[in-house]
Amino acid sequence: MGHPAARGALLLAAAAGTVLSAGQPVPAVAAAHGPARPGDPRGDEPDTPQGAKAPLHSSGGGPAEQPTKPGAGGELPATTRAAIINRAKKWVAARVPYSNTAYWPDGYRQDCSGFVSMAWNLPGNEWTGSLSTFGVRVSRDQLQPGDMLLFHNAADPQNGSHVVLFGGWSDYTHTYYLAYEQTRPHTRGQSTPYAYWSNSDRYVPYRYKGLAEETSAGVSAPGATSSRYPGRSFFGPGADNPHVTRLGEQLVKKGFGTYYTSGPGPRWGEADRRGVEAFQRAQGWRGGAADGCPGPETWRRLFS
């Protein structure tokens, strides 16, 4: 599918195969995106294969230690929209060359999926077949800067798979948006028709699961200021996170904060357990249903 020449070259993602990165074999699960010209959907440049799922790489060429890892409950490293866009802009400013085998000094592979992995601050290099597991689907109307638009052709990964970052709408009709992407010859950010130049109906919007919220008090953990239940792994002995503080503050509001001597804090303690148990018993629950650890129903009632 072509577009007016005034809009510039049409670039898509291309070809796959077994990839060797830093001397180590990588499974051949690459997806392809290739450049195109108006009236010529394939173009005349070489294919640019996308690399496979791989760890971060050190400056020495080998796998690097992961700087951030999912927590005990499987939560992802927290990041903000501003941080996502700022990381994307760094690659744009550096004009990082496209490559499915080379790795930038930050450890991420220099292709479209490596670029989004970098912007989302993921623990490793993903590919278009795995990136969706790190996000939740959103609608077009819900898109905000830092979300991604993903096209993974599962039936034929070598035909057109590509991923870009949404940087915001370019016009009031929401027809064009600022797309940050890694493509030939280097990283770019430019106005792009929604959802993309071609295969437009096959791009799916996703929002990073570990998206944190920025408040006047700083950055909070994903969902730490919402009423959504974060998961049982955030509570209990050894837990130390903003969700524990949020829980304690709500217990105080509901009249179950008498066990706190210095106010709720991020570190789970006996006051949290006793406050939750008292609230659960106030619901008429007994036995295991009043164990002092908030489950989904406890959380729902507490924040209702």
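Modeller: In this predicted model, a strand is a DSSP run of E with at least two residues, and strands, like helices, are numbered from the N terminus. Thr-192 is found in one such run, strand β11, which covers residues 188-193. The protein chain as a whole has five helices and 14 strands.

Colleague: Why does Thr-192 count as buried?

Modeller: The word buried is used for a relative accessible area under 20%, and Thr-192 has a relative accessibility of 0%, so Thr-192 counts as buried.

Colleague: Which residues is Thr-192 in contact with, leaving aside its neighbours within four places in sequence?

Modeller: Contact requires heavy atoms within 4.5 Å, and with those neighbours left aside, Thr-192 is in contact with Thr-175, Tyr-176, Tyr-177, Ala-179 and Trp-197. Of these, Thr-175 is 17 residues from Thr-192 in sequence, with 8.5 Å between their C-alpha atoms.

Colleague: How do you know whether Thr-128 is buried or exposed?

Modeller: Thr-128 has a relative accessible area of 1%, and the limit for buried is under 20%, so Thr-128 is buried. Its place is in the loop between β6 (124-125) and β7 (135-137). Thr-128 and Lys-53 are 75 residues apart in sequence, while their C-alpha atoms are 9.1 Å apart in space.

Colleague: What makes His-174 a residue to point out, given that it is not a glycine?

Modeller: His-174 has a positive phi of about 55 degrees, whereas most residues other than glycine have a negative phi. His-174 lies in the loop between β9 and β10, and its relative accessible area of 34% falls between the limits of 20% and 50%, so His-174 is called partly exposed.

Colleague: Where does Asn-121 lie, and what is its phi?

Modeller: Asn-121 lies in the loop between α2 and β6, and its phi is near 60 degrees, which is again a positive value in a residue other than glycine.

Colleague: Which residues of α2 are buried?

Modeller: The buried residues are Cys-112, Ser-113, Gly-114, Phe-115, Val-116, Ser-117, Met-118 and Ala-119. That is eight of the eight residues in α2, and the helix is accordingly described as mostly covered. For the protein chain, buried residues make up 48% of the 304 residues.

Colleague: What does α2 give to the largest nonpolar core?

Modeller: A nonpolar core is made of buried residues of certain kinds, joined through side-chain atoms within 4.5 Å. The largest one has 26 residues, and those with the most contacts inside it are Phe-115, Val-116, Trp-120, Met-148, Val-163 and Leu-165. At least two residues each come from α1 (81-94), α2 (112-119), β8 (148-151), β9 (162-169) and β12 (204-208), and α2 gives the most, with five residues. There is also a second, separate core of 17 residues, which includes Phe-234, Val-244, Trp-299 and Leu-302.

Colleague: Why is α3 called oblique to α5?

Modeller: The axes of α3 (residues 242-253) and α5 (residues 296-303) come within 10 Å and cross at roughly 50 degrees. An angle under 35 degrees would count as roughly parallel and one of 65 to 115 as roughly perpendicular, and this angle belongs to neither range, so α3 is oblique to α5. In α3, His-243, Arg-246, Leu-247, Gln-250 and Leu-251 meet Trp-299, Leu-302 and Phe-303 of α5, and by class these residues are five nonpolar, two polar and one charged.

Colleague: What makes α3 and α4 oblique to each other?

Modeller: Helix α4 (residues 270-282) packs with α3 at an angle of about 50 degrees, their axes being 10 Å apart, and since this angle too lies outside the parallel and perpendicular ranges, the two are oblique to each other. The crossing of α3 past α4 is left-handed. Val-244, Leu-247, Gly-248 and Leu-251 of α3 make the contact with Asp-272, Gly-275, Val-276 and Phe-279 of α4.

Colleague: Which residues does each cis peptide bond join?

Modeller: One joins Arg-184 and Pro-185, with omega about 0 degrees, and Pro-185 lies in the loop between β10 (176-181) and β11. Another joins Tyr-194 and Ala-195, also with omega about 0 degrees, and Ala-195 lies in the loop between β11 and β12. Most peptide bonds are trans.

Notes:
Residues are numbered from 1 along each chain as its sequence is written. This is a predicted model: local features need pLDDT of at least 70, side-chain atom pairs count only at pLDDT 80 or more; totals for chains, interfaces and linings use all residues. Side-chain values use heavy atoms; hydrogens and water are left out. Axes are lines fitted to C-alpha atoms, for helices over the stretch in contact, and angles run from 0 to 180 degrees between N-to-C directions. Helices (H or I, at least four residues) and strands (E, at least two) are DSSP runs, numbered from the N terminus. Angles under 35 degrees count as roughly parallel, over 145 as roughly antiparallel, 65 to 115 as roughly perpendicular and the rest as oblique. Ala, Val, Leu, Ile, Met, Phe, Trp, Tyr, Cys and Pro count as nonpolar, Asp, Glu, Lys and Arg as charged, and the others, Gly among them, as polar. Buried means under 20% relative accessible area, exposed over 50%, partly exposed in between (1.4 Å probe, protein chains only). A crossing is left-handed if the near helix is turned anticlockwise from the far one by less than a right angle, and right-handed if clockwise.
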